[in-house]
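Let's take a walk through a protein model together. Keep the 3D view open as you read, and turn it whenever a new part comes up.

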Amino acid sequence: MTPAPEIFSQPLADRLRPTRLEHVVGQRQLLAPNKPLRSAIESGKLHSMVFWGPPGTGKTTLAKLLAHQSDAAFVSLSAVLSGVKDIREAVQTASDRQRAGMGNTVLFVDEVHRFNKAQQDAFLPHIENGTILFVGATTENPSFELNNALLSRVRVYVLQSIGPDDLVSLIDRALQDQELGLGSLNLRMADEVKHQLAELVDGDARRALTMLEIAADLTEDGEITSELIAEILAGGTTRRFDKGGEAFYDQISALHKSVRGSDPDAALYWLCRMIDGGCDPRYIARRVVRMASEDIGNADPRALRITLDAWECQERLGSPEGELALAQAVIYLAVAAKSNAVYVAYKSAMSAIKQTGSLEVPMHLRNAPTKLMKELDYGKGYRYAHDEQGGYAAGETYLPDELSDIEFYQPVERGLEIKIREKLAYLRAQNK
């Protein structure tokens with residue numbers, strides 16, 4: 001059968017949108033037998049929900065399946081284009097259908113994280129009274145982007161990127177489907193080329209079908225080759241990275257933890273993932289300097305200087321040459337001796353200050369630039385360390401009296417801090 005012209009006018013990804021559960025690729029963690037979402041779809045017993053996942057993982061498809069399976073009307077809003085007025089109109093439509101006995105309405109809100117608090121609050125009473133079955137879709141972490149009031153009324157389902165094998169099966173279906181796909185074109189595509197496309201689209205099923213359709217339009221002899229796929233995707237294969245959203249913070253966290261875990265290969269991988277995704281190298285440089293203080297500290301004081309030098313190199317050379325200095329610094333941090341003793345000491349000192357308030361500076365430590373201050377015993381009894389044996393005034397105290405016995409800094413037995421630990425133990429023994 002030759003597809004009708006009006007069907008061909010639709011993008012391939014839209015034509016092949018699954019209308020049955022068995023056509024959905026991926027998301028087995030949600031759609032395997034007896035999983036809650038599959039049970040809800042098959043039974044038609046729906047609840048309000050939010051789908052959270054990367055682009056092209058089936059959020060809109062699942063929302064439409066929910067509506068279809070439960071004989072509910074499907075109304076769609078985009079948070080990019082819609083406002084409170086559109087929300088009211090959609091709710092009114094749902095209410096009219098309900099009063100007329102025409103069944104439920106699934107109100108699908110794409111990119112729901114782009115709605116502000118007032119717009120999100122507009123849904124709440126209508127979710128509670130059952131006027132709408134709310135289905136939101138977001139690529140951002142709902143914990144950060146959605147109001148607690150809305151989150152308390154929905155269930156969040158996490159969608160995962162589509163795996164390469166599932167994408168290959170989707171590509172096969174598109175090439176074979178005579179009615180809605182590209183089957184009538186008798187295209188040829190080797191298995192390794194299908195896998196190439198599946199890898200390059202980075203888990204995005206919609207993108208896989210879009211690129212496949214472009215390739216079908218450009219092929220001259222009916223064969224989709226590796227060279228054609230590479231040409232179509234040239235410069236457009238950037239991995240997921242959102243410069244401020246969930247992927248951003250997950251990846252910088254992975255980089256930091258790889259450094260802390262002394263894994264230079266993983267640290268380099270996450271550094272390159274962020275650079276490949278378009279992260280500002282200056283942001284990475286700042287975070288790398290922080291790692292040098294937080295996770296290495298005095299176990300290897302050279303780390304801080306190396307990271308600052310790398311930052312300077314990056315700013316002077318620019319991209320892409322400067323990123324090599326960042327890679328050098330990240331690898332050095334990963335293999336350096338680790339200590340968080342400075343970080344722990346700093347946090348402990350700040351905590352003590354918040355708990356004890358504005359304690360007075362001991363009199364012997366106070367500055368005495370005037371005669372009056374000297375008469376008031378400012379600086380009286382202070383021992384000048386350089387005049388003491390070994391340059392150390394054993395037994396002298398420098399903290400407020402209330403904190404005289406506290407010890408914030410506890411060097412670890414790694415790197416240079418081994419020596420620092422020995423020195424501090426000796427000095428503290430002299431005090432006692």
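We can begin with a pocket whose lining is a mixture: the residues around the second largest pocket divide into 8 nonpolar, 4 polar and 5 charged. Bear in mind as you look that this is a predicted model. The volume of this second largest pocket is about 530 Å³. It has 17 lining residues, and those nearest its centre are S404, I406, E407, R428 and N431.

Now turn to the largest pocket, which holds about 690 Å³ of space. Among its 34 lining residues, R17, G56, G58, T60 and R206 are the closest to the centre. By kind, the lining of the largest pocket splits into 15 nonpolar, 11 polar and 8 charged residues. Which parts of the chain supply at least two residues each to this lining? They are helix 2 (12-15), helix 5 (59-69), strand 2 (73-78), strand 3 (105-110), strand 4 (133-138), helix 11 and helix 13.

Two of those names, helix 11 and helix 13, deserve another look. Two packed helices can be described by the angle between their axes and the distance between the axes. Here, the axes of helix 11 (residues 164-176) and helix 13 (residues 205-218) come within 10 Å and cross at roughly 40 degrees. Helix 11 is therefore oblique to helix 13. On the helix 11 side, the contact is made by L167, L170, I171, A174 and L175, and helix 13 brings A205, A208, L209 and L212. What kinds of residue make up this contact? There are 9 nonpolar residues, with no polar and no charged ones. The crossing of helix 11 past helix 13 is right-handed.

Terms used
Residues are numbered from 1 along each chain as its sequence is written. This is a predicted model: local features need pLDDT of at least 70, side-chain atom pairs count only at pLDDT 80 or more; totals for chains, interfaces and linings use all residues. Side-chain values use heavy atoms; hydrogens and water are left out. Axes are lines fitted to C-alpha atoms, for helices over the stretch in contact, and angles run from 0 to 180 degrees between N-to-C directions. Helices (H or I, at least four residues) and strands (E, at least two) are DSSP runs, numbered from the N terminus. Angles under 35 degrees count as roughly parallel, over 145 as roughly antiparallel, 65 to 115 as roughly perpendicular and the rest as oblique. A crossing is left-handed if the near helix is turned anticlockwise from the far one by less than a right angle, and right-handed if clockwise. Contact means heavy atoms within 4.5 Å. Ala, Val, Leu, Ile, Met, Phe, Trp, Tyr, Cys and Pro count as nonpolar, Asp, Glu, Lys and Arg as charged, and the others, Gly among them, as polar. On a 1 Å grid over the protein atoms alone, a cavity is a set of points where a 1.4 Å probe fits but cannot get out, and a pocket is an open set with protein on both sides within 12 Å along at least five of seven lines; lining residues have an atom within 4 Å of a point. Grid points are joined across faces, edges and corners, and a volume is the space filled by probe spheres set on the points.
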